Structure formats: structure tokens, C-alpha cells
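Trainee: Could you help me see how the words used for a protein structure are backed up by values?
Mentor: Gladly, let us look at one together.

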Amino acid sequence: GRTAVTLGDPIGPAEDAESAIRGFLDFCRQNNWMTVFAMAESDYLDVYRQAGYVSMCLGHEGVVELPSFTLKGNAHSTLRKRFNRLTHEGYRIVVGEPPISDAILRELRQISDEWLEMTHAGEKRFFLARFDEGYLRQERLVLVYTPEGTISAFANLAPEYQRSGLGIDLMRHRRQFESGTMDFLFVSLLFWGRAHGCTTFNLGLSPLFGVGTRPGAPLMDRILHLIYEHTTFYNFKGLNGFKAKFRPTWTPLY
């Protein structure tokens, strides 16, 4: 409709952010558009608020510091056992460089269709990536191969240039897959990213995690916390539990 929605904060020198935000707001006012800033970090919250906007925390983004990531110690015992077991059984990752072949894309389409059917989910369009052959063909993909040589899971890699970082955009697996496969994929990626000079790995947003837990939190935040704790239509706590295993640093997004 007549709503302009940004995805993330302005990109550029920090000293130019306020003028960029206000310039965008002026442009939207001239077009009679309502403006929403989504997935904003805390850096420019004061600028948004001074412009008359109200903030609401969406959850926390988890970022793993790759130089210090390890599988040693009791805290990582489950990850270590799963990674070592699948490695011993012959599982491996392959990072495919673009352009991706038609044969691989056909196999990934099958995996994606199985995943959508299994999760009873439709493709998303804005905050999350969707399966699009034209997009994935030009992406760097990480593929998990079974000992039999078939692909059981995949993700595409998204570089974060400012932080020498790495993340993923789309991640899917087959209906029937070996327990621990996704742990294996992530651990392999963390080691791969470190070996290729990356310093951080972005696990993405954990929706509603950490929202409404502090004393005096706004009513809407407290309502979102109840949804996080008790909802049945989306496994918010399960997703957070998966990401928390990698001991990330959590940053709020608004």
C-alpha cells in the first residue's frame, strides 16, 4: 500500500546516519507514505525517537565470535559428539561457488519442497529469503552430503562486509535426515568461515527472545513475552535453543 518499510539501518558512515534517516522521512512525507523502520539496531534509536517514532524490540540477533569458537569443554559436549559422529560416518560439507548447476538446483528444489511440506509453511517474502532458482544460482551455497553422496541439507552464505562476517540467508533440510545434521552444518560453517578469514558468524534473529523480561517493560513487550513463552503456532523457544548452543553474543533488533 502506501507504507514504506526499511529493512535495517542506513548503510554508510555513522556521522551521516541522522541526515540519511531524516532525508528519507522527508521523501516519504512528500509522497504521503507512512514509514516503518524494521530490524533496526540500537545505534540510531535516539534518532528515530527524536523523529517521533516508538521502538519495539523484535528479539535478539546472535553473532558468534569465530576466533574464540571452540567445541572443547562441557558446554559444547553435545555439539562435539554430534559433529564427530557425523564426520566419522562420512558426512561432509561442500561449499559450491556460483553459478550453481541445474542438477544441484533440481535436488535443492526437492529438499526445499519437502521442508515446506514438513513445516506446513509457505514461502516468506520480506524478512526471510525464499527458494528462487535465479537467486540461488548466483549464490555461494553450503551443501551437506551424506555418506551415500546425496544432499541432505543446504544453506546459502551471506557475507557481512563491515564486520568481516558471514551469515546464512536460506536454510533447509530433507524430511528424512540424520539427527544432528543441522548442528554438523553450522559447526562446519563456523570452522570454514574462520579458516577463510571471517571473524563473526551471524546466526540471525531469534524472534521475541529477551523481549519483555526486564522490570517495567512496556505492555506490548510483556504481551510479546507471553507469546514467546506459550505460543503453539511457531517454535520460538526451540529456534532460540538451537542458536544458543553456539554461545553467540546477543544484540537486540527493533
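What follows is a talk about the terms used for this predicted model and the values behind them.

Trainee: Let me start with a pair of charged residues. What makes glutamate 107 and arginine 174 a salt bridge?
Mentor: Their closest N and O atoms are 3.3 Å apart. A salt bridge needs a side-chain nitrogen of Lys or Arg within 4 Å of a carboxyl oxygen of Asp or Glu, so the label applies.

Trainee: Where do the two residues of this pair sit?
Mentor: Glutamate 107 is in helix 4, residues 102–119, while arginine 174 is in the loop between strand 7 and helix 6. They are 67 residues apart, and the pair links distant parts of the chain.

Trainee: Why is arginine 174 called buried?
Mentor: Its relative accessibility is 14%. Buried means under 20%, so arginine 174 counts as buried.

Trainee: And how do you know which class glutamate 107 belongs to?
Mentor: The value for glutamate 107 is 23% relative accessibility. Buried would need under 20% and exposed over 50%, so glutamate 107 is partly exposed.

Trainee: What about arginine 172 and glutamate 123: what makes them a salt bridge?
Mentor: The distance from N to O is 2.8 Å. The limit is 4 Å, so this pair fits the term. This pair, too, links distant parts of the chain: arginine 172 is in strand 7, and glutamate 123 is in the loop between helix 4 and helix 5, 49 residues apart.

Trainee: Is arginine 172 buried or exposed?
Mentor: Arginine 172 is buried, because its relative accessible area is 4% and the cut-off is under 20%. Its partner glutamate 123 has 25%, so glutamate 123 is partly exposed.

Trainee: What makes lysine 237 and glutamate 229 a salt bridge?
Mentor: Their side chains meet at 3.0 Å, N to O, and the rule asks for within 4 Å. Lysine 237 has 40% relative accessibility and counts as partly exposed. Glutamate 229 is partly exposed as well, with 31%.

Trainee: How many salt bridges does the whole structure have?
Mentor: A search of the whole structure finds 14. There is also a network of salt bridges, which links Arg82, Asp183 and Lys245.

Trainee: Let us turn to the strands. Why is strand 3 described as largely enclosed by the rest of the structure?
Mentor: Strand 3 covers residues 59–65, and six of its seven residues are buried, so the description follows.

Trainee: How do you know that strand 3 and strand 8 pair?
Mentor: There are seven bridges between them, in the antiparallel sense. At least two bridges are needed, so they count as paired. Strand 3 also pairs with strand 9 in the antiparallel sense, over five bridges.

Trainee: Which residues are the bridge partners of valine 63?
Mentor: In strand 8 the partner of valine 63 is asparagine 202, and in strand 9 it is threonine 249.

Trainee: Now to the surface. Which residues form the nonpolar patch?
Mentor: Val5, Leu7, Met34, Val36, Phe126, Phe127 and Leu128 form it, with about 640 Å² of accessible area together. Strand 1 and strand 2 each supply at least two residues of the patch.

Trainee: How do you know that phenylalanine 126 is open enough for a patch?
Mentor: A patch residue needs over 30% relative accessible area. Phenylalanine 126 has 41% and is partly exposed, so it passes that cut-off. It lies in the loop between helix 4 and helix 5.

Trainee: What makes the bond between proline 98 and proline 99 a cis peptide bond?
Mentor: The value to look at is omega, which is about 0 degrees for this cis bond. Proline 99 lies in the loop between strand 4 and helix 4.

Trainee: And what is noted about phi in asparagine 32?
Mentor: Phi of asparagine 32 is near 60 degrees, a positive value in a residue other than glycine. Most residues other than glycine have a negative phi, so a positive one is worth noting. Asparagine 32 is in the loop between helix 1 and strand 2.

Trainee: Why is asparagine 32 called exposed?
Mentor: Its relative accessible area is 58%. Exposed means over 50%, so asparagine 32 is exposed.

Conventions
Residues numbered from 1 in each chain as written. Predicted model: local features only at pLDDT ≥ 70, side-chain atom pairs only at ≥ 80, totals over all residues. Heavy atoms only, no water. Helix = DSSP H or I, 4+ residues; strand = E, 2+ residues; numbered from the N terminus. Buried < 20%, exposed > 50% of the residue type's maximum accessible area, 1.4 Å probe, protein only. Patch = residues over 30% accessible without salt bridge, like charges linked within 9 Å, V, L, I, M, F, W, Y side chains within 5 Å. Areas by Shrake-Rupley, 256 points an atom, 1.4 Å probe, with all protein chains shown as cover.
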